[in-house]
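Student: I have a few "why is it called that" questions. Could we go through them together?
Tutor: Happy to, let's take a look.

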Amino acid sequence: MEPWYYKDKPVDELPEGTVGFVYLITNLTNNRKYIGKKLASFRKTKPPLKGRKNKRRSTVESDWRTYFGSSDELNADVEQIGTHKFKREILFYCTSKSQLSYVEAREQFNHKVLESDEYYNGHIRVRVHGKGILNKIITE
């Protein structure tokens, strides 16, 4: 499995406080790209133990180490030509879900992913909330 890279250095662990990251995957055979986001962990909820009322909640690391995006077309190419023909780059580490959604959408719009066949992206879904989001991003 090909590693993720951040500023041309392989990534083994995500920095402390990282909620997720915005990434760029490049097909090295035809230079097609995909911009997306990935959460670092998920919340898992289990039913309460016998005789208890509270649900059991825990945090589980996501599959970010092996992840290749949600595009069916991209995943078909990965399956067909192999993971070694793709470069996976982390563009931004994000410390909140709202920041993650905003930065992903900003990068997708800036790169005009829907206006070109150069990108695998087929749609842009964005729901951003949190009134402090712009102040957090501007100060980066």
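Student: What makes the meeting of the Arg65 and Glu13 side chains a salt bridge?
Tutor: A salt bridge is a side-chain nitrogen of Lys or Arg within 4 Å of a carboxyl oxygen of Asp or Glu. For Arg65 and Glu13 the N to O distance is 3.1 Å, so the pair fits the definition. One word on the source: this is a predicted model, where local features need pLDDT of at least 70, side-chain atom pairs count only at pLDDT 80 or more, and totals for chains, interfaces and linings use all residues. Residues are numbered from 1 along each chain as its sequence is written, and side-chain values use heavy atoms, with hydrogens and water left out.

Student: Why is Glu13 called exposed?
Tutor: Exposed means over 50% relative accessible area, buried under 20%, and partly exposed in between (1.4 Å probe, protein chains only). Glu13 has 56%, so the label is exposed. Arg65, at 32%, is therefore partly exposed.

Student: Which residues share a salt-bridge network with Glu13?
Tutor: Through shared partners, Glu13, Glu61 and Arg65 are joined into one network.

Student: What about Lys38 and Asp63: how close are the closest N and O atoms?
Tutor: They are 2.7 Å apart, and the pair forms a salt bridge.

Student: Is Lys38 buried or exposed?
Tutor: Its relative accessible area is 8%, so Lys38 is buried. Asp63, at 40%, is partly exposed.

Student: How many salt bridges does the structure hold?
Tutor: Eight. Another one of them joins Glu107 and Arg106, with 3.3 Å between the closest N and O atoms. Glu107 has a relative accessible area of 10%, so this residue is buried.
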